[in-house]
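Trainee: May we study this structure together, one question at a time? I should like each answer to show its reasoning.

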Amino acid sequence: MTHFNAVEGFLSIWTIDYHIENDRPFFGRVERDRLFCCLESAKSELGARLSMLTARDYGRMNDRFSLLVILDIPATTSYLAIETPLPDDNLTYRSLTPLFPNASWPEREIRDMFGITACDTPDTRPFIRKGAWPADLFPLRKDISPHRAYPIERVLLPTTVVEGEGVIEVPVGPIHAGIIEPGHFRIQVIGDTLLSLDAQFAFCHRGIEKLAEGRDPLGALLLAERQCGTCSVSNTLSFCLAVENAAGISVPPRAAYIRVILAELERLYNHVNDIAAIAAGIGMAFVTQQGLVLKEELQRINAGFFGHRFLRNVVIPGGIRSYPGIDPLNEMVELLAPIVRRLDSIVAVAIGNSIFQDRLENTGILTRSNANELGGVGPAARASGVSIDTRCDHPYDGYRILPGFDIPTRHECDVMARFRMRLDEIPTTLALIEAAVKSLPVVSSPIAATIPIIAPGSWGFGATESARGENCVFIAFDAHGRIDRYAVRTASYLNWPLIPTTVRGNILPDFPLINKSFELCYADVDR
Amino acid sequence: MFENLMIAIRSGFLTGTPTRFKPHARNAHGSLEAVAANRCNGCGVCVKACPVNALSVRTTEDGMEFLFHPGRCVGCVRCIDACTKSVLRFIPGNSTFQLPGTPDQKKLLDLSRSGMTSTPIDDGALVSSPGDNKSSEECVSTNLENIKFPLSTEAYKTADIAVLRNSLHCRHLDVGSCNGCDNEMIALGGPHYDVQRLGIDFVASPRHADALTLTGPISRNSLVATYETFTATPKPRLVFAVGNCACSGGIFEGSYAVFDGASKVVPVTIRIPGCPPTPGDILNALTEGLKQLQTICDRE
């Protein structure tokens with residue numbers, strides 16, 4: 001309770017007005033000129049981390065734009081949302097990057113999408129805009145149609161310049177050699193040693209946030225589900241939690257447990273895939289192929305028990321759409337155990353191999369301070385000793401009711417640690433699935449609550465733990481119960497800036513390996 | 001080494017093996033079929049439930065027909081949930097790749113001359129496409145050397161296809177996909193599908209490739225990359241549009257940030273609908289699809 005008092009005290013000092021409600025993020029409005037100092041104090045006093053930085057366009061004549069900062073207050077299980085109205089004639093604010101280094105990307109994005117500029121931000125390059133629309137047009141503003149297309153310019157991507165004797169620049173992408181998503185890298189090397197890395201994104205930008213505007217929750221659900229293939233459940237769940245948060249409802253117990261099963265099934269096949277991908281990164285075909293066998297079997301289980309190989313179409317706002325019943329789920333648990341046993345025997349082969357050890361150990365060190373400062377999440381941060389997991393820190397759905405579970409952390413900080421991190425998490429995942437199946441109420445009760453008419457102007461926030469870390473969604477509704485703003489901040493968005501800090505001093509062939517040890521989605525970053 | 005061998009022996013022969021357990025959920029992959037056409041009363045709730053206009057109704061002289069557009073369907077199963085008579089179902093393995101010239105819709109149900117009792121629904125309101133209101137994009141680019149998109153269709157000879165059927169090297173091109181299709185293509189390289197046994201491979205450079213497998217609706221940010229990859233591929237260059245986004249733009253159709261499908265930019269040879277298509281569907285299109293393509297070429 002003392003933490004709550006601390007937050008309340010903080011809000012009463014800094015905000016114009018604030019609301020504290022149960023099961024909702026704290027909310028406060030702060031004047032623009034005090035925002036930086038307010039966040040500075042939040043960081044030092046409450047230990048806040050930046051979860052999401054975005055903007056809103058209310059589409060009205062006066063006080064049209066505002067800045068929205070969502071902070072994670074680790075001491076409480078809640079988030080803190082701070083809204084800052086911006087004067088209509090001066091759409092600028094003091095850059096938050098000196099305070100939270102991970103604000104750099106959102107600041108560039110807000111500049112591209114809303115035309116709101118951060119003063120003194122260290123990086124002023126465009127983030128999302130790659131010549132697909134004019135520089136003086138801002139797609140997320142309300143007066144811009146989501147359907148209008150613009151002439152495409154061929155633009156040269158501004159990259160960091162590294163000069164010096166013997167420095168060679170290796171450009172990679174956006175079309176990569178394997179079956180990978182598009183991203184453009186400029187890798188500067190001296191001889192074989194990596195000096196720096198500059199990554200460019202947004203080749204997958206599909207305008208999801210804009211397309212969701214004006215739709216009802218069920219219509220926008222399709223977009224949330226298809227933002228990323230391998231995070232389908234997590235993104236959908238965050239979306240649904242945000243809608244449920246806005247509507248002020250909670251899901252029935254059966255749905256809450258099934259959602260845990262779905263989220264953990266997704267984590268399981270992703271972790272198996274990541275283990276195979278890391279082995280592929282050093283060309284260890286045996287482990288890669290055996291890993292692909294297990295991943296395929298897990299995906300067939302997904303399809304066999306929930307109808308879809310990527311577990312789409314099951315989670316809906318208010319609950320779940322369907323589930324196979326308790327007996328089939330028990331059968332599923334029995335199918336999972338041997339797969340994990342086979343994984344262990346495959347991994348034993350990998351870890352016992354001296355080349356495997358040599359390539360993975362002490363490669364791509366992510367220091368704990370970098371992980372902390374840049375707001376790293378998920379297994380990557382946990383492998384660097386940062387104990388952060390949304391399932392524990394901000395429990396949702398079944399994770400609130402299920403008995404406590406271990407969140408392992410490691411301290412070696414290298415690729416091997418991230419490899420082992422996934423292995424360490426798999427027993428937790430299996431135990432959670434088993435516990436959720438055991439706790440499923442036998443009596444027939446509804447599996448989905450009806451979403452009431454959503455009050456005009458209400459908003460909600462949802463965060464879930466995907467296989468890559470915390471995925472957050474902010475949703476605000478307009479006067480007709482339709483989505484007015486849909487903002488997503490995914491784990492990949494937070495973790496990508498970690499990778500350039502880990503590559504320096506490694507050899508060039510280790511870059512794909514380091515990249516695979518994080519295994520981040522580009523589609524999630526670009527939206 | 002001994003351990004490796006033991007694991008390999010224990011995992012057994014996997015290629016082409018079906019799922020080892022009885023499925024418990026209704027499948028959302030494959031092709032939508034009317035499994036009980038006689039139960040349909042033409043109420044049209046399925047058409048209304050579809051969020052992507054993949055179903056439509058056409059009135060004929062003596063009744064009406066339900067049409068299905070596989071290239072639009074994202075497999076959200078809302079039509080199946082909406083149907084009170086359990087008429088519809090997804091049939092897996094019944095893959096519906098589309099060759100050039102085949103219509104992008106198929107007849108799902110023909111209610112002509114059947115003893116239909118309920119009043120037919122008004123079809124006018126139901127057939128519309130979300131992309132229709134997208135403004136014209138005649139001038140796609142301001143400084144892409146004045147290239148006209150879509151690029152013109154290229155002719156290929158029967159002999160070319162005959163060669164490719166035995167050795168097809170694909171360059172993968174992700175231009176706005178959610179990585180679902182990409183993951184399914186990675187699965188193709190795994191032991192369950194093992195495309196290399198059929199002479200199919202995914203290569204590292206477009207200059208080594210015979211075909212492009214394209215996923216995603218082609219985001220406008222990656223137009224330059226798409227164009228340059230396509231022109232770097234030696235002729236005859238086939239284009240496989242994998243997944244709904246590549247077929248029609250999918251749920252992103254009409255967005256300011258994407259083209260509505262691959263055919264708006266490059267000539268598409270074979271479309272593989274699905275969200276995402278299963279590895280089996282993709283494999284079927286890469287083998288059976290090419291076989292049928294050769295037959296079409298032979299005829300011409």
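Trainee: Against which elements do the buried residues of α5(A) pack?
Mentor: Helices (H or I, at least four residues) and strands (E, at least two) are DSSP runs, numbered from the N terminus. "Buried" means under 20% relative accessible area, "exposed" over 50% and "partly exposed" in between, with a 1.4 Å probe and protein chains only, while a contact means heavy atoms within 4.5 Å. The buried residues of α5(A) pack against α3 (78–82) of chain B and, within chain A, against α4 (208–212), α6 (232–247), β11 (315–316), β14 (469–477) and β15 (483–489).

Trainee: What pLDDT do side-chain atom pairs need in this model?
Mentor: Residues are numbered from 1 along each chain as its sequence is written, chains are lettered from A and ligands numbered from 1 in the order in which they are written, and side-chain values use heavy atoms, with hydrogens and water left out. The model is predicted: totals for chains, interfaces and linings use all residues, local features need pLDDT of at least 70, and side-chain atom pairs count only at pLDDT 80 or more.

Trainee: How many residues of helix α5 of chain A are buried?
Mentor: Helix α5 spans residues 217–225 of chain A and is mostly covered. Among its buried residues are A:Leu221, A:Leu222 and A:Leu223, as well as A:Pro217 and A:Glu225. The count is 8 of its 9 residues.

Trainee: How much area do chain A and chain B bury between them?
Mentor: In the contact, 79 residues of chain A meet 82 residues of chain B. Buried area is the accessible area (1.4 Å probe) that two parts lose on being put together, summed over both. Carbon and sulfur atoms give 58% of the total, which is about 6,400 Å².

Trainee: Which three residues supply the most of the area that chain A buries against chain B?
Mentor: Three residues together supply 14% of the area on the side of chain A, more than any other three. They are A:Ile152, A:Arg154 and A:Ile179.

Trainee: Which element gives the most residues to the side of chain A that touches chain B?
Mentor: Across this interface there are 24 residue pairs in polar contact, both residues being at pLDDT 80 or more. The elements of chain A that give two or more residues to that side are α4, α5, α8 (285–306) and α9 (326–351). With 15 residues, the element that gives the most is α8(A).

Trainee: How far apart are the N and O atoms in the salt bridge of A:Arg309 and B:Glu184?
Mentor: A salt bridge is a side-chain nitrogen of Lys or Arg within 4 Å of a carboxyl oxygen of Asp or Glu. The whole structure holds 39 of them over all chains, and 2 lie between chain A and chain B. For A:Arg309 and B:Glu184, the N to O distance is 2.6 Å.

Trainee: How many residues separate the salt-bridge partners A:Asp397 and A:Arg259?
Mentor: The side chains of A:Asp397 and A:Arg259 meet at 3.1 Å, N to O. A:Asp397 is in the loop between α13 (390–393) and α14 (398–401) of chain A, whereas A:Arg259 is in helix α7 (residues 253–281), so the pair links parts of the chain that are distant, at a separation of 138 residues.

Trainee: Is A:Arg259 buried or exposed?
Mentor: Its partner A:Asp397 has a relative accessible area of 9% and is buried. A:Arg259 has 1% relative accessibility, and therefore this residue counts as buried.

Trainee: Where in chain B do domain 1 and domain 2 lie?
Mentor: Chain B has 8 helices and 10 strands, and 55% of its 300 residues count as buried. The domain bounds come from an automatic or database domain assignment. That assignment places domain 1 at 21–128 and domain 2 at 134–299.

Trainee: Which three residues supply 37% of the area that domain 1 of chain B buries against domain 2 of chain B?
Mentor: The two domains bury about 1,600 Å² between them, with 57% from carbon and sulfur atoms. The three residues on the side of domain 1 supply more than any other three, namely B:Phe97, B:Gln98 and B:Leu99.

Note on methods: Polar contact = N/O pair within 3.5 Å; in protein donor to acceptor, adjacent residues only side chain to side chain.
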